[in-house]
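Me: Please go through this model with me by question and answer. I would like each answer to show its reasoning.

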Amino acid sequence: PSLQIQLTDPTTLKRPSPDEAEGHPAVVLKHDKRILLYAPGHRSPYFEVQEHKVIAIRAEDGFDLAAVKIPTWDESEITNFAARTISPDGVVQEVKKEDLREDESVYVRGHNTKMRVVHFPSVAVGSILEMAYTVHTPSFRGLFQDNIVDELPVREYNLEIQGNNEIRYA
């Protein structure tokens, strides 16, 4: 099995009101995280982590959110990727998987990690940035952690963990 991605129907996105999250440069409208752990008879185990974020830009201070970093393990592969900027007047500009670049300036000592970077185009006050991706790793890690609390207000957060019958939790 593998996690599939689906972007949000733009007509269903409710932009923040002027007084929602006042004083913040952006609002996270939705943040979904899904984790799939799969161990087929203890042969070739893998896990997938999928992120889906929708962010509404409220002020120019939020323009730095257009540069997104995706951390991965060295052996990981981004298998699914979709991203787009939705302008205040509804025009959609897609970001392609080919636009992902490796950022070699980020190195975590003692960890076999790499950072992928992508930039959203044409960001303006009132834009919505949406990105969904799946990272496939052909092994298991003993720790998954995520910060639910964000520097930005989060309207909706969902976490889902899936596994097959071979997975045992301690």
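The turns below deal with a predicted model, taking its sheet, its cores and some single residues.

Me: In the open sheet of 3 strands, which strands stand at the edges?
Reply: The strand order is β3-β7-β6, and the pairing is antiparallel. A strand with a single partner has one side left without a neighbour in the sheet, and this applies to two strands here. The edge strands are therefore β3 (67-73) and β6 (101-103).

Me: What does the twist average from one strand to the next?
Reply: The sheet concerned is the open one with the order β3-β7-β6. From one strand to the next, its twist averages 40°.

Me: Which residue of β7 is the bridge partner of Glu 102?
Reply: β6 pairs with β7 (residues 113-119) in the antiparallel sense, over 3 bridges. On the β7 side, the bridge partner of Glu 102 is Arg 116.

Me: Is Thr 72 buried or exposed?
Reply: Thr 72 is part of strand β3. Its contacts beyond four places in sequence are Ile 78, Asn 112, Thr 113, Lys 114, Arg 116 and Val 135. The cut-off for buried is under 20% relative accessible area. Thr 72 has a relative accessibility of 5%, so the residue counts as buried.

Me: Which strand gives the most to the largest nonpolar core?
Reply: This core has 20 residues, and those with the most contacts inside it are Ile 70, Ile 78, Phe 81, Val 118, Phe 120, Met 131 and Tyr 133. At least two residues each come from β1 (26-38), β2 (46-57), β3, β4 (77-86) and β8. The strand that gives the most, with 4 residues, is β8.

Me: How many residues does the other core have?
Reply: Another core lies apart from the largest one. Among its members are Leu 13, Ala 21, Val 27 and Ile 86. Its residues number 8.

Me: Which residues does Val 118 touch, not counting those up to four places away in sequence?
Reply: Val 118 is among the residues with the most contacts inside the largest nonpolar core. With the sequence neighbours set aside, Val 118 touches Ala 66, Ala 67, Val 68, Phe 81, Val 95, Asp 99, Leu 100 and Met 131.

Me: What distance separates the C-alpha atoms of Gly 126 and Asp 89?
Reply: Gly 126 sits in the loop between β7 and β8 (128-137), and is partly exposed at a relative accessible area of 24%. Beyond four places in sequence, its contacts are Arg 15, Ile 57, Ile 86, Ser 87 and Pro 88. Gly 126 and Asp 89 are 37 residues apart along the chain, and their C-alpha atoms are separated by 8.6 Å.

Conventions:
Residues numbered from 1 in each chain as written. Predicted model: local features only at pLDDT ≥ 70, side-chain atom pairs only at ≥ 80, totals over all residues. Heavy atoms only, no water. Pairing = 2+ DSSP bridges. Axes fitted to C-alpha atoms, helices over the stretch in contact; angles between N-to-C directions. Buried < 20%, exposed > 50% of the residue type's maximum accessible area, 1.4 Å probe, protein only. Contact = heavy atoms within 4.5 Å. Core = buried A, V, L, I, M, F, W, Y, C linked by side-chain atoms within 4.5 Å.
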